[in-house]
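Colleague: Let us go through this one together. I will ask, and you reason from the coordinates.

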Amino acid sequence: MDRQRLRDAFGDAVSGAPTPLEAADRLCVACVELLDVDGASISFIDGSTTRGTFGSSGELSRTLDELQFTYGEGPCLDAVAKRKPVLVPDLDDPGERRWPALAQAMLGHGIHAVFSLPVTIASTPIGALDLFRHSSGPLDGEAVTAGLWAAGLAALPLLDLMTADTDWRKAADGRGSWEQLASLERVEVYQATGMIIAALQVTPANALVRLRAHAISRGLTASQVAYQILDRGLVLEDDGWINLPDDQEGAS
Amino acid sequence: MSAREDDIVASFVSMAGNLARGHDVTELLIQLAADCARLLDVSAVGLLLADPRGALHVVAVSSERVADLEAFQAQRAQGPCHTCYLEGKPVNVPDLASAAARWPEFAAVAAKAGVASVHAVPMRLRDDTVGALNLFGGKPGPLNEADLRLAQALADVATIALIQDRAAADKSLVNEQLQNALDSRVVLEQAKGVLSYSGDLDMSGAYAALRQYARDHNIKLTDLSRAVVNRLLPAAVVHEHARTRRVV
């Protein structure tokens, strides 16, 4: 399958879903259909407080993901801690000693290979996309690239989950998922995120959530809101944001 | 040797020295973009790097002008820089107005930003292209051979800076280093935002304060940015340091 069709398939999986959780599940199912893997799951790891399975391609994948939280070890936790992919082509390899308890449990479920890709928001790792396979062996380069696309897209439903009052359908509406991601990956969005961090004393991930929620509620792109913040046309206050009317500019 | 050649040699020497000292890669790339704009007859220079998905990101620019940024960012998926990245060879557009049919969206943004010419040279690593160096001119006209050669040389230095270990044979390792460079850029921009808001500075002022603190305390710009963004180091401390430095 060529790259463009692969991208479209992942994008469609996320765009059409009625809720963030459904979007995450569909993304996992798309991974199983499009990549050389038998199961997929997305975990959500917000600091050290919230942890859990956010989406999965099926019951077994959900169980495998939850095992990592039960044992407190596993490639997904390492991928988040190290901010990079953790690829385990053979869990049964005698040299593989990183997660002794978990490896045995996974093998017990007939899983021989696990590939964990971090999901990041505003450069903060916030979760991981896990790909499981019954047979051992590496994930080929194309599949790793495609997996990284999927992990990038997985950030969108996670962002929406963090913004409880966001209308998901509105969020998924109109612009395609890749355009939404691209809008979040612009320099002005990062600079504006920094301003929100300073103004509201929040984490980078939380700052991006607030920026995006404001954008969605006003029907703007993240980039447009970012420019309003950078131009100081948007006053940041603890309990909400106030738009300065144009006619007040320069008045005071 | 002409004054300009002296300048170029000095630029390369300082770059080599910084590389040897394990300097922060983001700072190095920003310096390189600034050198490039100064040495070549162009109005703005930007470095764009590809992420593992093949999307281009702005990692360094010679100026903080919003218009320049817009023009660089417009090249994510369309424009001379994007074409240069895809094809792995230089793309020269001495007169952008006559090339509007090829890249309509980019040409519109560029025209609004006052860009009349674009030259893009690839950042190549063996058989791969990892990004491109972009030169914007305010007036239509070609760059001469010597300038183009110099631009390619600077792009090669940037690639080496990025990949640090030139012998790195492992594709995944290269991808990891590219990802690190992109992440560094994100936290740097966030830290600039924090300092800009808390100290009422513009973005260049915020960058200057950040760089001053990093240099005087011998810490990497990326590590400092991360500490500021995660509020482990209060922004006030960085502002206070910048104030003391100005008085001395």
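Modeller: Two residues are in contact if their C-beta atoms, placed from the backbone, lie within 7 Å. This is a predicted model, where local features need pLDDT of at least 70, side-chain atom pairs count only at pLDDT 80 or more, and totals for chains, interfaces and linings use all residues. Residues are numbered from 1 along each chain as its sequence is written, while chains are lettered from A and ligands numbered from 1 in the order in which they are written.

Colleague: How many residues does the contact take from chain A and from chain B?

Modeller: Take the side of chain A that touches chain B. Its residues divide into 12 nonpolar, eight polar and three charged. Here Ala, Val, Leu, Ile, Met, Phe, Trp, Tyr, Cys and Pro count as nonpolar, Asp, Glu, Lys and Arg as charged, and the others, Gly among them, as polar. The contact takes 23 residues from chain A and 26 residues from chain B.

Colleague: Which element gives the most to the side of chain A that touches chain B?

Modeller: Elements are DSSP runs numbered from the N terminus: helices are H or I, at least four residues, and strands are E, at least two. Those giving two or more residues to this side are α6 and α9 (187–200) of chain A. With 10 residues, the one that gives the most is α9(A).

Colleague: What ipTM does the predictor give the complex?

Modeller: Start with pLDDT, the predictor's confidence in each residue, from 0 to 100. Chain A has a mean of 84, with 87% of its residues at 70 or more. Chain B averages 85, and 91% of its residues score at least 70. For the complex, the pTM is 0.81 and the ipTM is 0.81.

Colleague: Where in chain A is confidence lowest, by element?

Modeller: At the high end is strand β3 (residues 86–88) of chain A, at 94. Outside that question, residues 247–252 of chain A stay under 50, and the model has one contact for them beyond four places in sequence. The lowest mean, 55, belongs to helix α7 (residues 168–172) of chain A.

Colleague: How far apart do the C-alpha centres of domain 1 and domain 2 of chain A lie?

Modeller: Chain A is divided into domain 1 (3–162) and domain 2 (186–248), with bounds from an automatic or database domain assignment. Their contact takes seven residues from domain 1 of chain A and eight from domain 2 of chain A. The C-alpha centres lie apart by 31 Å.

Colleague: Is A122(A) buried or exposed?

Modeller: A122(A) sits in the loop between β4 (113–121) and β5 of chain A. Beyond its neighbours within four places in sequence, its contacts include T193(A), L208(A) and V186(B). A residue is buried if 20 or more other C-beta atoms lie within 10 Å of its own, exposed if 12 or fewer, and partly exposed in between, with C-beta atoms placed from the backbone. A122(A) has 27 within 10 Å, so A122(A) is buried.

Colleague: What is the relative direction of α2(B) and α6(B)?

Modeller: Helix α2 (residues 25–39) and helix α6 (residues 145–163) of chain B pack at about 175°, axes 10 Å apart. Axes are lines fitted to C-alpha atoms, for helices over the stretch in contact, and angles run from 0 to 180 degrees between N-to-C directions. Angles under 35 degrees count as roughly parallel, over 145 as roughly antiparallel, 65 to 115 as roughly perpendicular and the rest as oblique. Therefore α2(B) and α6(B) are roughly antiparallel.
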